[in-house]
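Me: I am new to reading protein models, and I would like to go through one with you, feature by feature. Could we look at it together?

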Amino acid sequence: MKRLLQRACMACACLLPFTAAMAQSATTATVAKPPDRRIAITFDDLPWATLDSNTPLPAHGTVPPRIAAEFTRLLQAIKNSGTPAIGFVNSARLLVHGQPQPDRVGMLDAWLDAGLELGNHTATHVDLHAVGKQAFENDILACDAVLRPLLAKRDLQPHWFRHPYLRTGRTLQDKAAIKTFLTRHGYRIAPVTITDSDWIWAAAYAKALDSGDTAMQAKLRAQYVPYLLRMVHYFEHRSTKLLGYALPQVMLLHANALNADTYADFVSRLHARGYRFVSLDEAMRDPAYQRADTFTGALGTSWIHRWAIAAGWSWKFYDGEPTSPKWVIDLAGVPAYSE
Ligand SMILES: [Zn+2]
């Protein structure tokens with residue numbers, strides 16, 4: 001979930017105004033076909049991601065009423081929006097003393113009842129780079145042992161796997177071995193092309209909820225959605241720069257209260273920009289997703305960036321990624337970030 005680095009704020013070329021030459025060509029040339037803007041939304045850390053809140057999902061006992069209410073708000077927002085979505089599950093969050101808890105499993109049943117998908121995100125949100133291949137594979141199977149029966153009740157099977165922290169292997173050998181392992185168990189890797197720091201904003205929002213500061217809650221909601229839109233715009237631009245077109249994006253969000261309370265606004269503003277919301281399956285049909293990913297670093301970076309590195313671009317390809325404001329990072333209480 002956490003990104004190791006947050007890159008320094010730099011001028012984003014995609015936000016530059018129209019040049020005179022562009023204005024001229026727009027008036028004289030045939031009107032260009034607008035890009036086919038599509039996006040698949042993915043939510044990680046189901047049933048619920050909490051960080052630095054007074055009410056995390058506890059290791060024992062029942063789901064706190066506040067989390068149950070926030071989850072219901074998120075689910076309702078997704079249903080009302082009519083967008084497809086997939087949630088990636090950490091199955092250990094469903095267990096108490098090793099046993100699945102009905103109220104926690106019930107959250108995932110409600111997710112499925114809404115027609116949304118579920119995928120495997122390991123049992124304990126384990127870091128492949130920290131624990132190594134064998135322990136990582138065991139954690140994938142531990143999640144599979146909970147997720148597969150849950151889906152089987154509906155004649156469904158898990159198909160998608162998302163790496164925690166987007167860390168996909170420290171060596172090409174490890175990456176290949178994990179991919180083979182996943183294929184053998186019926187999984188495909190779910191990449192991310194739009195990364196963002198929603199978890200930092202969500203931690204700040206949780207603090208504002210904890211303290212009852214409604215003005216701060218409103219300020220965070222008001223500034224968070226434009227931040228997400230800047231991220232979408234940025235990665236749309238990176239896609240065009242690398243591929244020559246706007247690929248169907250795959251965006252990473254987390255199951256948290258901030259997304260519950262802003263999803264409707266976010267979706268409507270993306271619609272206004274011409275985006276269509278598609279399933280992960282549909283997005284992944286784009287040939288770009290066949291490109292090589294040889295990235296072995298720890299940075300949980302976009303697949304667009306990984307493809308660029310594999311194609312010989314320098315790290316400068318990534319310059320200009322929007323950042324979260326300092327006041328949000330300070331309020332969230334997350335460790336200091338540096339270039
Ligand atoms: Zn995660």
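Me: Leaving aside its neighbours within four places in sequence, which residues is Leu118 in contact with?

Reply: Before the answer, please keep in mind that this is a predicted model, in which local features need pLDDT of at least 70 and side-chain atom pairs count only at pLDDT 80 or more, while totals for chains, interfaces and linings use all residues. Residues are numbered from 1 along each chain as its sequence is written, and side-chain values use heavy atoms, with hydrogens and water left out. Contact means heavy atoms within 4.5 Å. By that rule, and without neighbours within four places in sequence, Leu118 is in contact with Leu46, Ile86, Gly87, Val89, Leu108, Trp111, Leu112, Leu147, Leu150 and Leu151.

Me: Which residues have the most contacts inside the largest nonpolar core?

Reply: In soluble globular proteins, nonpolar side chains tend to be buried together. A nonpolar core is a set of buried Ala, Val, Leu, Ile, Met, Phe, Trp, Tyr and Cys residues joined through side-chain atoms within 4.5 Å, where buried means under 20% relative accessible area, exposed over 50%, and partly exposed in between, with a 1.4 Å probe and protein chains only. Here the largest such core has 95 residues, and Phe43, Trp111, Leu118 and Phe266 have the most contacts inside it. Helix H8 (residues 214-243) gives the largest share of this core, 13 residues; helices (H or I, at least four residues) and strands (E, at least two) are DSSP runs, numbered from the N terminus.

Me: Is Leu228, in helix H8, buried or exposed?

Reply: Leu228 is buried, with a relative accessible area of 1%. Not counting residues up to four places away in sequence, Leu228 touches Asp196, Met251, Leu253 and Phe266.

Me: How does one read the zinc ion, and which residues coordinate it?

Reply: Donors are N, O and S atoms within 2.8 Å of the metal (3.2 Å for Na, K and Ca), and water is not among the atoms, so sites may look incomplete. In this model the zinc ion is coordinated by Asp45 (OD), His121 (NE2) and His125 (NE2), at 2.0 to 2.1 Å. Asp45 lies in strand S1 (residues 38-46) and His121 in the loop between strand S5 (117-120) and helix H4 (128-131), so that this pair, 76 residues apart, links distant parts of the chain. Both Asp45 and His121 are buried.

Me: At roughly what angle do the axes of helix H2 and helix H3 cross?

Reply: Axes are lines fitted to C-alpha atoms, for helices over the stretch in contact, and angles run from 0 to 180 degrees between N-to-C directions. Angles under 35 degrees count as roughly parallel, over 145 as roughly antiparallel, 65 to 115 as roughly perpendicular and the rest as oblique. The axes of H2 (residues 65-81) and H3 (residues 102-113) come within 10 Å and cross at roughly 10°, and H2 and H3 are therefore roughly parallel to each other. Ile67, Phe71, Leu74, Leu75 and Ile78 of H2 make the contact with Met107, Ala110 and Trp111 of H3.

Me: Which backbone details should I look at in the loops?

Reply: In the loop between S1 and H2 you will find Pro47, and the peptide bond from Leu46 to Pro47 is cis, with omega near 10°. Thr122 has a positive phi of about 70° although it is not a glycine, and at 0% relative accessibility Thr122 counts as buried. Asp155 also has a positive phi, of about 60°, without being a glycine, but Asp155 is exposed, with a relative accessible area of 75%.
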